[in-house]
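Subject: Structure handover and findings

Dear colleague,

Please find below the structure that I promised to pass on to you. My notes on what was found in it follow directly after.

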Amino acid sequence: VHVVESGGGSVQAGGSLRLSCAASGRTFSASVMGWFRQAPGKEREFVAAISWDVDNTDDRDYSDSVKGRFTISRDSAENTVYLQMNSLKPEDTAMYYCAAKRGAVGPMFRLTARETDEYWGQGTQVTVSS
């Protein structure tokens, strides 16, 4: 599955952005998609994920740092996942990356953060100023 991230930008603290992750290729092989981020000098970390089953029932997972501020959603017809980011903080500044895999939300998908740089796409930059 190939993913392309978009929607990043520069905002002031308290502002909002919506990121998009469009999947293509063998999209039928994916059942969980999510967002990760990496700030300069820091390791990549999990942000949010959404998984679905044959009944199209969605499960969601959020890191503690974004819970209540970020919302992940998907458009199955467009094979696209969105990350609505509200009440942004300067510490949200990072390059945001999307991943798509077979599986479900939970600890295993969170470990996707450990994939090497070669796994990830170009990402989309989010910059929040104070």
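Which residue does a disulfide join to Cys-21? The partner is Cys-98, with an S to S separation of 2.0 Å, where a disulfide is taken as a pair of cysteine sulfur atoms within 2.5 Å.

Before going further, please bear in mind that this is a predicted model, in which local features need pLDDT of at least 70 and side-chain atom pairs count only at pLDDT 80 or more, while totals for chains, interfaces and linings use all residues. Residues are numbered from 1 along each chain as its sequence is written, and side-chain values use heavy atoms, with hydrogens and water left out.

A search of the whole structure finds one disulfide, and the angle of -80° about the S-S bond makes the link of Cys-21 and Cys-98 left-handed. Cys-21 belongs to strand 3 and Cys-98 to strand 9 (residues 94-101), so the pair ties together parts that lie 77 residues apart in sequence; strands here are DSSP runs (E, at least two residues), numbered from the N terminus. Both cysteines, Cys-21 and Cys-98, are buried, a word that stands for under 20% relative accessible area, with exposed meaning over 50% and partly exposed in between (1.4 Å probe, protein chains only).

Turning to the sheets, four strands form an open sheet in the order 1-3-8-7, with antiparallel pairing, where two strands pair if DSSP finds at least two bridges between them. Its edge strands, each pairing on one side only, are strand 1 (2-6) and strand 7 (70-75). Neighbouring strands of this sheet are turned by 15° against each other on average, direction ignored; the axes are lines fitted to C-alpha atoms, and angles run from 0 to 180 degrees between N-to-C directions. Strand 1 is joined to strand 3 by five bridges, and the bridge partner of Val-3 in strand 3 is Ala-23. Along strand 1, Val-3 and Glu-5 point to one face and are buried, whereas His-2, Val-4 and Ser-6 point to the other and are not. At the other edge, strand 7 and strand 8 (residues 80-85) pair over six bridges in the antiparallel sense.

A second open sheet has six strands in the order 2-10-9-4-5-6, and its pairing is mixed. The edge strands there are strand 2 (9-12) and strand 6 (58-62), and the average turn between neighbouring strands is 20°, direction ignored. Strand 2 and strand 10 run parallel and are joined by four bridges, with Val-126 in strand 10 as the bridge partner of Gly-9.

As for the packing, the largest nonpolar core has 28 residues, and Met-33, Trp-35, Leu-83, Met-85 and Tyr-96 have the most contacts inside it; a nonpolar core is a set of buried Ala, Val, Leu, Ile, Met, Phe, Trp, Tyr and Cys residues joined through side-chain atoms within 4.5 Å. Apart from this core lies another, of nine residues, among them Tyr-97, Ala-99, Phe-109 and Trp-120.

Finally, Ser-31 is found in the loop between strand 3 (17-24) and strand 4 (32-38), and counts as buried because its relative accessibility is 11%. Leaving aside neighbours within four places in sequence, Ser-31 is in contact (heavy atoms within 4.5 Å) with residues including Ile-50, Trp-52 and Gly-103. The side chain of Ser-31 also reaches the backbone oxygen of Gly-103 at 2.7 Å.

With kind regards

Technical notes:
A polar contact is a pair of N or O atoms within 3.5 Å; within protein, one must be able to donate a hydrogen and the other to accept it, and residues adjacent in sequence count only if both atoms are side-chain atoms.
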